[in-house]
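This report goes through one protein chain, part by part. Look at the structure first, then read on.

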Amino acid sequence: MTAPRVVLVGPPGSGKSTVGAVLAERLGTTLRDTDTDIEQGAGRAIPDIFVEDGEAHFRTLEAAAVRAALSGHDGVVSLGGGAVLDAGTRALLAPLPVVFLQVALPDAIRRVGLDSARPLLAVNPRQQWRALMEARLPLYEEVASTVIDTEGLTPEEVAQAIVDAMELTAA
């Protein structure tokens, strides 16, 4: 079984996909983004899955995508913001090098935008983001072996902070 070098978790707007790509390049490996895996497998965008099939169906697809990525990818893995809600996912993450990308609300809103296509932030994104963080923060902290505060940092600076904190080297 292959294990990822780094798994990124965090809320919408924390930079998991963007930082993941920079980090993977810096480490000489590849990025696997479970949201992309879900969309490719379903043949449609995540907001469409939410609208047409509901959140419960999406979470089932997400748990399967996470299991596949964590057991089949040896590079950087970026998980969707809600992946940590699944107890099975949290158990799979326990022995892995997991980085929680912590982000302040203003940075997250700036990155995500107020007219976001993200289904859980569609109505009143500021309030929804706060509610998501209230529910998910303890879970992000539970699975994280490292926490990186992204406030005011570029994706390149965040990637370097991960490399430094985890003492990573290029493959």
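## Helix α3 and its surroundings

In helix α3 (residues 46-53), the buried residues are Ile46, Ile49 and Phe50. They cover an arc of only 100° around the axis, which puts them on the same side of α3. Val51 and Glu52, on the other side of α3, are exposed. The model is a predicted one.

What do the buried residues of α3 pack against? Their partners are the helices α2 and α4. Just after α3 comes Gly54, with a positive phi of about 95°.

## The sheet

An open sheet is formed by 5 strands in the order β2-β3-β1-β4-β5, with parallel pairing. The edge strands, each pairing on one side only, are β2 (31-33) and β5 (146-149). On average, neighbouring strands of this sheet are turned by 25° against each other, direction ignored.

One of the pairings joins strand β1 (residues 6-9) to strand β3 (residues 76-78) in the parallel sense, over 3 bridges. Opposite Val7 stands Val77 in β3.

The two helices that α3 packs against, α2 and α4, also lie across strands of the sheet. Helix α2 (residues 34-42) lies across β2 and β3 and runs at about 60° to β2. Helix α4 (residues 55-72) lies across β1, β2 and β3, and runs at about 165° to β2.

## Aromatic pairs

How many aromatic pairs does a search of the whole structure find? The search finds 2 aromatic pairs. The rings of Phe50 and Phe58 have centres 4.9 Å apart and planes at 40°, so this pair is tilted. Phe50 has a relative accessible area of 13% and is buried. Phe58 also counts as buried, at 3% relative accessibility.

The rings of Phe100 and Tyr140 have centres 5.0 Å apart and planes at 20°, so the pair is stacked. Phe100 lies in strand β4 (residues 98-102) and Tyr140 in helix α7 (residues 125-143), so the pair ties together parts that are 40 residues apart in sequence. Phe100 counts as buried at 1% relative accessibility, and Tyr140 is buried with a relative accessible area of 0%.

## Salt bridges

The count of salt bridges comes to 6. The table shows some of them.

| Residues | Closest N to O distance |
|---|---|
| Asp37 and Arg32 | 2.7 Å |
| Arg44 and Glu52 | 2.6 Å |
| Arg59 and Glu62 | 2.7 Å |

Are the partners buried or exposed? Asp37 is partly exposed, with a relative accessible area of 21%, and Arg32 is partly exposed, with 23%.

Arg44 is partly exposed, at a relative accessible area of 25%. Its partner Glu52 counts as exposed, at 53% relative accessibility.

Arg59 and Glu62 both lie in helix α4, 3 residues apart, which is about one turn of the helix. Arg59 is buried, with a relative accessible area of 17%, and Glu62 is buried, with a relative accessible area of 3%. Salt bridges that share partners join Arg44, Glu52 and Asp53 into one network.

Notes: Residues numbered from 1 in each chain as written. Predicted model: local features only at pLDDT ≥ 70, side-chain atom pairs only at ≥ 80, totals over all residues. Heavy atoms only, no water. Pairing = 2+ DSSP bridges. Helix = DSSP H or I, 4+ residues; strand = E, 2+ residues; numbered from the N terminus. Axes fitted to C-alpha atoms, helices over the stretch in contact; angles between N-to-C directions. Contact = heavy atoms within 4.5 Å. Buried < 20%, exposed > 50% of the residue type's maximum accessible area, 1.4 Å probe, protein only. Arc of directions from axis to C-beta. Phe/Tyr/Trp six-rings, centres within 6.5 Å; stacked < 30°, edge-to-face > 60°. Salt bridge = Lys/Arg side-chain N within 4 Å of Asp/Glu carboxyl O.
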